[in-house]
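Me: Please take one helix and the ground around it, and give me a close look. Keep it brisk, since I am in my first year.

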Amino acid sequence: MFIVPQFKAFGLLPASDVVQLIAEKHLFPSLNTCNFLLTSLVKSNLLQKAHEIFNILRRGVQPDVYLFTTAINALCKDHKIKEAMALFSQMEEIGVSPNVVTYNNIIHGLCKNQNLQEAFHLKEKMIKKGVTPSLNTYSVLINGLLKAQNYNEAQSVLTEMTSNGFLPNEVVYNTLIDGYCTQGDMKKAIEIRNDMSSKGLNPNSVTFNTLIKGFCNSNQFEEAEKLLEEMLSISLTINAGSFTSIIHWLCKLSKMDSALRYVHEMLLRDLKPNDKLLTMIVTGLCNQGKHSEAVNLWFKLLEKRFFPNIITSNALIHGLCESSNAKEVIKILKEMSQKGLHFDRSTYNTLISWHCKEGRFEEGFQLSEEMGKKGISPDTSTYTSLINGLCQKGKMDEALMFFEKCKTKGLTPDVSTYGVIIEGFCKCDQIEKGKNLFNKIVNEKMEVNSFIYNSLIRGYTRMGDMKEAIRVCNEMKSKGIQPTSETYSSLIDGHCKIGCVKDAKLVIDEMRELSLSPNAVCYTVLINGYCKMGEMDKVEAILGEMCSYGINPNKITYTVMMDGYCRLGETDEAVKLLGEMKEKGIVPDVVTYNTLAKGFSKEGRIEDAFQLNQPKIKNDKMLQCKILSLLQRTNKECCKVYLKKIELPNDYHIRN
């Protein structure tokens, strides 16, 4: 009576209503039309309507195997497995033999309902009835077993399936691989993948992504990375999760170049790394001094319209501020403003801290005012940075006023706040005030950190009071606070200042015993101590030790050694060091040239000084003036010779 095109024109629900209406008049569509309508309802997930229509149709139409199978499928999809089994029995009772699809629907429903025993019983029944299981039958059973974590039984079903002439497809293999990966049995998962390949089936994206996830969950990240590289080489689709897990692992190992390469691979595929991962990458790059790479990544994200969140942006700003890269900081801030990325308290605190550390207190204070105007209340960290800025300038009275202001705002100064004030007192040679404040916070049971102890130690070494410096260091150790490289650098410097270079060398040895690696600063201070004592043989020995540990001398190290040789009148040795310095790509500065000029002037070798420095001096009028000023103080005859060699700025005047 009804034909398929009419159902398409009506739409499923109106068509169903029409069927219900005419059924009341004892009129029914043809069996083909009934099958089409019921199948369409199930495909559209209109399961309840499908139940209703089936019950109406069977009053006037003798259902065939297809109509029964579709109705059973609807019940199974609707998790009504008991009703599906009942309908299955009715079907057999009226002599309609179920086909393989009918059995598969019931088996699938039973597996989803975790009734695996009944599912296998039904499989045996279908074989007895002469219905051969299909590839889908085995796939459904394997999937059910894997979800129930019955991996060995799943393997048995796979073996049975193969022996019956069914070649498992990618879905079956991937399901098995996923099961073993979930169990953490990566050896078995790889065996399944190899079996898959041996059967002529190429592992696909699902296979690889599943294996990568499994290896990552089993902490076998090296194997996961190998698979990721294989996927890249054969251009398979890689999901974000595969990239993310491996990038996270590489960041933890500080392998930032590899991590960054995979991030760019993600961006090429229009996959956005999550915010937490981006923050980790930016922080890692900045910690390794790869600020340009971090900046380029940030702008690449903007280009892809994957806007970094404020936490990631703050991490980049912090890294750039730590490296004093003002140009890039301004560039990032400008771009953030243009893109409507609003600064938060952390942004402002980072910028205020940076300005104050660089001695730009006025800029820091302006930012704190701007922060307030935008409704962002300054916190303890804000005030600590401002106090630090004042302390850096030696304005201790103003710093203490800000300290009191912080408390009137209801904020509690923390150990960092006290720390910068103590450091300020020590720098201003008001160490007793610093010590008194230290005693106060100790009495208040505040936990003191290495920064505060280092400030006190540095203060005492500045005053040449090594006895007190060592006492504070020992107190630090007794409190369970491990001395840092900075602690020992101060002690080395203090010993050298009072001529106790042997004691300074013992401090270096102590650092080694504590597995603290002395840096170039520690060694340079020690070298300077030996240079001042004229013990250049010891200098060479220390330099050799320094290099043996992979610590390269820097510009200051070379300049200090050159000064040592010049003091002894061994200027030619100093010249050799200048050549070595240049060979290593270390650019001499005005202090280096002044050191040499002073050495040559003592020996009356101004011509040698000029010839040696000519390439640099010729284009550096400021350097010329500095050398002339030095010569005027040390050797006026050399100064006159030197004046004939160069052209001075118009505003330079010779002192009589």
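**Helix α16 and its surroundings**

Reply: Asp270, just after α16, takes a positive phi of about 60 degrees. Here helices are DSSP runs of H or I with at least four residues, numbered from the N terminus. The model is predicted, so local features need pLDDT of at least 70 and side-chain atom pairs pLDDT 80 or more, while totals for chains, interfaces and linings use all residues. Residues count from 1 along each chain as its sequence is written, and side-chain values use heavy atoms, without hydrogens or water.

Now the helix itself. α16 covers residues 256–268, 13 in number. From first C-alpha to last, α16 reaches 18 Å. That is close to the 18 Å expected at 1.5 Å a residue (1.5 Å times one less than the number of residues).

Which residues of α16 are buried? They are Met256, Ala259, Leu260, Tyr262, Val263, Glu265, Met266 and Leu267. Buried means under 20% relative accessible area, found with a 1.4 Å probe on protein chains only. These buried residues pack against four helices: α14 (221–233), α15 (240–252), α17 (275–287) and α18 (291–303).

Tyr262 leads us to Ile246. Ile246 touches Tyr262, along with Ile212, Cys216, Ala224, Glu225 and Leu228, not counting residues up to four places away in sequence. Touching here is contact, with heavy atoms within 4.5 Å. Ile246 also belongs to the largest nonpolar core, which has 191 residues. Such a core is a set of buried Ala, Val, Leu, Ile, Met, Phe, Trp, Tyr and Cys joined through side-chain atoms within 4.5 Å. Ile246 is among the members that touch the most others, as are Ile142, Ile247, Ile281, Leu316, Ile492 and Leu526.

The last residue of α16 gives a link to another helix. Leu268 and Leu47 are 221 residues apart in sequence, and 42 Å apart in space, C-alpha to C-alpha. Leu47 sits in helix α4. Leu47 counts as buried because its relative accessible area is 9%. Setting aside neighbours within four places in sequence, Leu47 contacts Val42, Ala74, Lys77 and Asp78.

Ile56 also lies in α4, which runs over residues 47–57. Its relative accessible area is 10%, so Ile56 is buried. Beyond four places in sequence, Ile56 is in contact with Gln20, Ala23 and Phe28. Arg458 lies 402 residues from Ile56 in sequence and 94 Å away in space, C-alpha to C-alpha.

Next, the pockets. A pocket is an open set of points on a 1 Å grid where a 1.4 Å probe fits, with protein on both sides within 12 Å along at least five of seven lines; lining residues have an atom within 4 Å of a point. The largest pocket has a volume of about 220 Å³ (space filled by probe spheres on points joined across faces, edges and corners). Of its 13 lining residues, Ser353, Lys357, Thr384, Ser385 and Val420 are closest to the centre. Helices α21 (345–357), α23 (380–392) and α25 (415–427) each supply at least two lining residues. The largest share, five residues, comes from α23.

The second largest pocket holds about 170 Å³. Its lining is His318, Cys321, Glu322, Ser324, Thr350, Ser353, Trp354, Lys357 and Glu358. Helices α19 (310–322) and α21 each give at least two of them. Here the largest share, four residues, comes from α21.

Conventions
Buried means under 20% relative accessible area, exposed over 50%, partly exposed in between (1.4 Å probe, protein chains only).
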